[in-house]
Amino acid sequence: MRRRKAEKRQILPDPKYHSQIVAKFINSIMVMGKKTIAERIVYQAMEVLKQKTHEDNALKVFNKAIENVRPRVELKPRRVGGATYQVPVEVTALRSNSLALRWIRDFARKKKGKPMEAKLADELFSAYKMEGSAIKKKDETHKMAEANKAFAHLRW
């Protein structure tokens with residue numbers, strides 16, 4: 001039997017935009033505890049994003065990109081009588097945010113030949129325009145959930 005749930009830590013907003021989601025993104029970009037480098041990467045990507053969209057507020061563009069990538073449903077494997085079914089379940093707001101941030105980060109890291117700031121800016125910009133790898137991943141997840149809707153009654 002499981003014990004109690006770990007309480008969620010309160011994360012401090014980032015110093016430049018005073019946004020918790022940007023702070024979470026910086027933490028997810030961070031490698032081996034090098035937070036200042038992660039901050040520099042994210043802030044430079046936001047500047048590039050601001051120039052690409054001709055928008056005065058980079059935070060608005062960033063939030064829109066994250067909102068576009070956030071999944072509404074995902075698949076969870078459930079074992080029922082020796083068979084494993086992929087059961088579609090709705091995603092909580094917290095999990096959908098973290099999935100969106102993770103997908104954007106991972107697809108930016110996979111690109112080759114550019115500095116991380118440029119790759120991150122490209123991925124955020126394509127997410128803002130509703131295209132790119134992260135959006136494709138979200139659509140793929142939704143399609144799979146739609147295909148497995150017949151097993152929705154197995155969720156508990």
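Mentor: Start with a yardstick: the expected span of a helix is 1.5 Å times one less than its number of residues. Helices here (H or I, at least four residues) are DSSP runs, numbered from the N terminus. This is a predicted model, where local features need pLDDT of at least 70, side-chain atom pairs count only at pLDDT 80 or more, and totals for chains, interfaces and linings use all residues. Residues are numbered from 1 along each chain as its sequence is written, and side-chain values use heavy atoms, with hydrogens and water left out.

Trainee: What span should helix 5 have at 1.5 Å a residue?

Mentor: Helix 5 has 13 residues, so 18 Å is expected. Its end C-alpha atoms lie 18 Å apart, in agreement.

Trainee: How many residues of helix 5 are buried?

Mentor: Buried means under 20% relative accessible area; exposed means over 50%, and partly exposed is in between (1.4 Å probe, protein chains only). In helix 5, 11 of the 13 residues are buried. Among them are Met 116, Leu 120, Leu 124 and Phe 125.

Trainee: Which helices do the buried residues of helix 5 pack against?

Mentor: Contact means heavy atoms within 4.5 Å. The buried residues of helix 5 pack against helix 1, helix 2, helix 3 (58-69), helix 4 (93-110) and helix 6 (133-147). After helix 5 comes Met 130, with a positive phi near 65°.

Trainee: Now charges. How many salt bridges does the count come to?

Mentor: The general idea: side chains of opposite charge can pair when their charged atoms come close. The rule asks for a side-chain nitrogen of Lys or Arg within 4 Å of a carboxyl oxygen of Asp or Glu. The count comes to 12 salt bridges.

Trainee: Which residue forms a salt bridge with Lys 52?

Mentor: Asp 122 does, with the closest N and O atoms 2.5 Å apart. Lys 52 lies in helix 2 and Asp 122 in helix 5 (residues 116-128), so the pair ties together parts 70 residues apart in sequence. Lys 52 is partly exposed at 33%, whereas Asp 122 is buried at 18%. Salt bridges with shared partners join Lys 52, Lys 114 and Asp 122 into one network.

Trainee: Where do Lys 16 and Glu 47 sit in the chain?

Mentor: Lys 16 is in the segment before helix 1 (20-29), and Glu 47 is in helix 2 (residues 35-53), 31 residues apart. Their closest N and O atoms are 3.4 Å apart, and they form a salt bridge. Lys 16 is partly exposed at 42% relative accessibility. Glu 47 is partly exposed at 29%.

How values were computed. Helices (H or I, at least four residues) and strands (E, at least two) are DSSP runs, numbered from the N terminus.
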